[in-house]
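Q: Please take a close look at the contact between the two chains in this model, and then follow the charged side chains and the nonpolar core within the chains.

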Protein chains: 2
Amino acid sequence: MRVAGAQIENVVGDLDGNAERILDAMRWAEDEGADVVVFPELALTGYPLADLVLREDFVQHALDVLEELGRESMHTAAVVCTIDRVPPRRSWDTRDRSLAIGAAVLCGGQVRGVYHKMLLPNYEIFEEARNFAPGDRPDALWRIGETVAGISICEDMWSGDGPPEAQAAAGAQILLVPNASPFHQEKPAGRLALASQVAKRNGTPVVYVNCVGGQDELVFDGGSLVVDADGELVYRAAQFEAERFCVEVQASPPRRCSGHLTTVHTRPAPTRPPLPVRALALQGSEDYQVWQALVLGTHDFARKNGRDSAVLGLSGGIDAAVTAAVAADALGPGRVLGLALPGPHSPEADSHDAQLLAAALGIRFECVPIADITARIEEGLAGLLDPPVPLEANAALEARTRAAMLWAVSDQGGYLPLATGNKTELSVGSAAVHGDMAGAFAPLKDCPKTLLYRLARLRNNREPAIPQRILDRTPTAHAEEDGGGLPSYEALDPIVERYLEKGEAYEELVEAGFDPELVRFGLQTVDDAEFERRQTPPGVRITSRAFGQDLRMPITNAWRPYRAATAAQAEGGIAGGTLREG
Amino acid sequence: MRVAGAQIENVVGDLDGNAERILDAMRWAEDEGADVVVFPELALTGYPLADLVLREDFVQHALDVLEELGRESMHTAAVVCTIDRVPPRRSWDTRDRSLAIGAAVLCGGQVRGVYHKMLLPNYEIFEEARNFAPGDRPDALWRIGETVAGISICEDMWSGDGPPEAQAAAGAQILLVPNASPFHQEKPAGRLALASQVAKRNGTPVVYVNCVGGQDELVFDGGSLVVDADGELVYRAAQFEAERFCVEVQASPPRRCSGHLTTVHTRPAPTRPPLPVRALALQGSEDYQVWQALVLGTHDFARKNGRDSAVLGLSGGIDAAVTAAVAADALGPGRVLGLALPGPHSPEADSHDAQLLAAALGIRFECVPIADITARIEEGLAGLLDPPVPLEANAALEARTRAAMLWAVSDQGGYLPLATGNKTELSVGSAAVHGDMAGAFAPLKDCPKTLLYRLARLRNNREPAIPQRILDRTPTAHAEEDGGGLPSYEALDPIVERYLEKGEAYEELVEAGFDPELVRFGLQTVDDAEFERRQTPPGVRITSRAFGQDLRMPITNAWRPYRAATAAQAEGGIAGGTLREG
C-alpha cells in the first residue's frame, strides 16, 4: 500500500487556511500515486480548540468546508480530521454533548464516512471530555483498494485494548493514526516505543501522523512515524517543521472481516514504479529538541498573533540572555530589541554584559536608567503608610517599573513583549507579580534554572553569543523579604522538582536526606506562589508538568502539612494560606 | 425522621479544621436527637480540589481523619463527604483513576460504608472527570432507624434518570443530597425547582445540603433546602452564612427494597417532643444576592490568604467606587485604604469625588499625584523607538505606573491589592494588562458595567456612600488607540453579552438589528482581548459564563469570521489574530 502522510501546520480556527493546506497536500498525494493520505488530528480546525467549539458558526463553517474538500477529493483516499456533529450523548455527567472528534474519509468527490474518536483524554493539558462526546463504533473499518484499514485517533492508541485492538481483531491490515501530540522532553522517544508496541501487538503496520507548530503553551513537534507489522521503524519525518512523505507499506495479509466496513474505493493497485527509499529523519539531543521547541513556540505565538518583532529587558542575567537568544533565533536578530533598565542596585557590569550579549546576537540594544523614576515613586509613597515604613531598596517595585516601561515600548512600537522568568523562579515565587514575569509570552516559563545553563552552552556551541561572565555568575533568588540568606537554586531545584513532578511529601523528602528547614522553605514557597503563577503569560511547555496546564492547584489552599511538621509558625490566615508578592 | 443539616464553611485543604467543624456539628446533632446529620459535598476536604488530590500525603491524611471521625460517631448517623480510594478504573480515556468523591456514613464508632458519586460534571467551572473515577453502585441504600435512605451527591441529582431514580425505585424513602453548588445569579431559584422535581418524580422528600464560603473565583452560597415528597418547601437555610438546622421530615411509606442495602442502625425512633417549626429563610433580590456574593467572596479570599486589609486605586469612577464599598463591607471600612493616584489627564473633580466617597464609606484616603513619575518615564523612553514615536498621553502607561505603586503599598503594608476592573472592560480589552486589572483579587471581574450602577444604588439605599456625580457620569472605554470615537458601553454591552453568553454569530447580531460595524468592532475586541484576560487575578463569579472558569478560548485563534463579513482589513498575522494591549 502506498501511504502518504501530511505533517501540516496546526493553526487553530483557520478553517479556510487549513483547508487550503489540506487540499494542496491531497493534490500532491494524488500526483504521488498514493492510495491514501493521512492528516493529523483536527487538521481542519486546529488543536486544541477549547471552547471555540461552543461557537455554532464555527462548527457549521467547519462542516461546510469539509463538504467542499470532499467534492475536491479524487482517487487517493484522504483521512481528514475535524469536528463532527453526532446524536446528543450523555456519558460521565448530565450534559448532552453532540460534537465528536472525527476522521472523515474523502474519496472520489465525496465524504465516505467519519470515524469518531472513542477515548477522550481529560488529564494534564487535555480536556476533551469537556465538550466532546465519545464515538460508539470502535471496530469501524475502511476498504481502501485491496487493503482493509483501521483508523484510530491519538488517545485511542494508548489503551492496550482500545480501537486499534478492536479493529485488528475485526480485520484491519493496517492502522492509520492521526495525532495532535504536543512536545515534552520525554515525548518523542515514547511515541516510537508506543507505535512499535501497537504494531507488534496487532500484527499490523502503524502510520502515525502528527502536526507541527506552536499554539499558546503547546508546541506540536511533528516527528510522524511509520512502523511495519514487526514494529520496526520504516520512516520518521522531521521534527519541528512541516513535511510530506509517501512510503510503501507492507499491509498485513487479509483477515476475516467482522467489523463495520465502509468501502472507500476498490481500485486494484496500479502498476507503478516503487518509491525510492527515504532516509529517516535524525532526532537531535533532548536539549536541542527543547531549544527547537522554544524557538518554534515563540515564533508561532508572535507570528500567529500579528507580531514580527519582540522587546525584552536585558538584566545581564542568564534568563534574559537565553530569552534573547531564543527570540533572535525565532524572529531574526534584527527584529529583537533588548532594553537594559538599570536600577539603583544594578551593578554597572550587568548592563555591560547585556550590551556584549546584544552585540554578539546582533540584536538592537538600548539602555535607560530608572533610578530616578523609582526614587520619585518611593518619595511619593514615603510617609503614606501608618506606621510609616521607609521604602527601602525594593526589587519588586523596580521590576514592576521596568515592566511598565517594556509595555509602553511594546504599545508604541508593536513589539511582542517577552517575559524572561524561568520555571524555578515561578515555582518558589521569587518573580514579582507583573514584574519579572510581565509580558505577552514567557518562552522559558517551563524551563528550570539548571536547564538554562545547558541551553546557553548548546547555543554558544553554534556561535559564541552568551558571554562567559553571565554563565559563571551564581544565580540567587531575590532575598529582600527573607533578610538575605535565600538558599541557592542548586539546593532548591531538586526539592522543588520532586515535590512538583513526583508529588513527594515533606516526610519523604526529609527521609531522602534533604535538610528539613530547606524542605519546609521550598514547599511553602511553592504553595504560596500559586496566586502569582495564575497571572503569568503563556510560555512554551517542555515538561509533562507545566504550570497551569498540567498542574492546577487551588490558590486558596490550607493544606500545609510541612508547617505542622516543623516548629515554624504559620504566617497568618485562618487556614494557613499566605499570599507572597516577592 | 429527624434530619439535621450542617451548612458548614468550605475551606479547601483544611482537613483538621474541617474535621473539627464536622465533629462539632455531629455532637450538636446528637444533642438535637437527630437520626441523621448531612454535610455538604467534600465537607472534609473542601471543594473544588483541583490537582490537590494528586498529593498522596493529602489523600492519606483525609482518609486518616475520616477514620477518626468514624470513631467519634455516636447514635446519630453522619453523612460526611470526602475523597475515597477505589479500585483503579478506566472510563473516558486511557488513565486509571483510583479516587472517588464519596459520602461516608458514620455511626456508632465506625464508618459503615461509602457511597461514590456516579455523575462527574465536566463543563463550565467543573472538571471532576479530570481526577476522579465514577462510582459503580447507583442503587446503594442505607437503613437508618426505621427508614431506608438514598444518598446522591450534587450532579447525581440533575440527570432525571440517575442515582435518585435508581434509589427510589430500589426502595429509598428519603433522599439525602450533599452539594457543593457555587452561586451564580440564576442558581438559587433553579435549585428549589430541581429539588422539588426530584422529590415529586420519586415520591420522596429531598434533603439538599450546600456549603458556604468563597474559594478563589467561586462563592458557595448555602441556601440548603428540605422539600417533602410532594415537592413542597419544608425548610430553607440562610444564604451566604453557615447554619445548622434540624427538622422533622415525613419519609415516604416503606417500599420493597431491591437495592444494595447497608444497615447503619436499626434503633426504633425514640419518644421525643416534636421540633418547633422553623421559619424559612427569606431570599433577597437577585442584585442583593450578587452583593452578598461579592462581599463574601472578597472577605474569604482575603481572610483565607492571611490578609485582613485591602488597598485599591480610587479613580473617581463607578468601578473603583463599587469595589471600595464591597471591600468596606467585607473587611470593615477601617481596614481599607483608597489611594488616588491622579495622572496628567485626571480631572481635579475625580480625585475630589474619590475623597468624598472615601469619607462617606469611612475608609482611609490618600492622594499621590503621579504626573511627574510618568513624565520621567516618557522622557526616558522618548527617542528610543526608531523611527521615533513621541510618547503621547498614554493611559496604559499611567495605569501600569499606578499598579506598580499599589503593589508597593501592598508589599510594605500587608494589604490585599484589589483590582477594580469590570467584566465589560475585560470583554472588550479596554483594561491595560497589568494596569487597571492589576491586583491579587478583582471583585467585579464578572460584573457587567450596567450591573454596577444597580449595585451602587442598592448600596446607597442602605446608607448614602457613592456620590451622585459618580453615578451620573457617562462611562467610556479608553479611546487612545482608536482615535477617540469608541462606542459607549450601553451600545456595546448587549452585543458582547449575546456574543459571549449565547454564542450568537456576526450574521445573527446584524439580523437582530445591530449596526454591522459596531458588531464587527465588538466581536473583534472580545476575541483580541483573550490574552489579556488570561493574566488577570481571580474575581467573584456571579454568572454562568465567567471568564476563565466557564469559558476558555484559545489565545492564538484565527477564527474571525466578522472580518471577512465586512470590508475591514485584517490587522496582521498570518491567520488574522492580533494582540491588543489597550
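A: What follows begins with the interface and then moves to the salt bridges and the core.

This is a predicted model, in which local features need pLDDT of at least 70 and side-chain atom pairs count only at pLDDT 80 or more, while totals for chains, interfaces and linings use all residues. Residues are numbered from 1 along each chain as its sequence is written, chains are lettered from A and ligands numbered from 1 in the order in which they are written, and side-chain values use heavy atoms, with hydrogens and water left out.

The contact (heavy atoms within 4.5 Å) takes 115 residues from chain B and 116 residues from chain A. The area buried between them, that is, the accessible area (1.4 Å probe) that two parts lose on being put together, summed over both, is about 9700 Å², and carbon and sulfur atoms give 57% of this area. B:Gln412, B:Thr556 and B:Trp559 supply 8% of the area that chain B buries against chain A, more than any other three residues.

Across the interface of chain B and chain A there are 8 salt bridges, each defined as a side-chain nitrogen of Lys or Arg within 4 Å of a carboxyl oxygen of Asp or Glu. In one of them the side chains of B:Arg95 and A:Glu124 meet at 3.2 Å, N to O. There are also 45 residue pairs in polar contact across this interface, both residues being at pLDDT 80 or more; a polar contact is a pair of N or O atoms within 3.5 Å, where within protein one must be able to donate a hydrogen and the other to accept it, and residues adjacent in sequence count only if both atoms are side-chain atoms. Helices (H or I, at least four residues) and strands (E, at least two) are DSSP runs, numbered from the N terminus. The elements that give two or more residues to the side of chain B that touches chain A include α2 (56–72), α5 (286–304) and α9 (395–413) of chain B, and α9(B) provides the largest share, 12 residues.

Over all chains, a search of the whole structure finds 86 salt bridges. The side chains of A:Glu243 and A:Arg278 form one at 3.6 Å, N to O, linking strand β14 (residues 243–248) of chain A with the loop between β15 (260–265) and α5 (286–304) of chain A, 35 residues apart. With buried meaning under 20% relative accessible area, exposed over 50% and partly exposed in between (1.4 Å probe, protein chains only), A:Glu243 is buried at 16%, whereas A:Arg278 is partly exposed at 33%.

In chain B, B:Glu243 lies in strand β14 (residues 243–248) and is buried, with a relative accessible area of 17%. Its side chain makes a polar contact of 2.3 Å with the side chain of B:Tyr235, and a polar atom of the B:Glu243 side chain lies 2.7 Å from the backbone nitrogen of B:Ala238.

A further salt bridge joins the side chains of A:Asp353 and A:Arg473 at 2.5 Å, N to O. A:Asp353 is buried, with a relative accessible area of 1%, whereas A:Arg473 is partly exposed at 30%.

Of the 164 residues in the largest nonpolar core (a set of buried Ala, Val, Leu, Ile, Met, Phe, Trp, Tyr and Cys residues joined through side-chain atoms within 4.5 Å), A:Phe39, A:Leu176, B:Phe39 and B:Leu176 touch the most other members. Not counting residues up to four places away in sequence, A:Phe39 touches residues including A:Ile8, A:Met26, A:Val80 and A:Val209.
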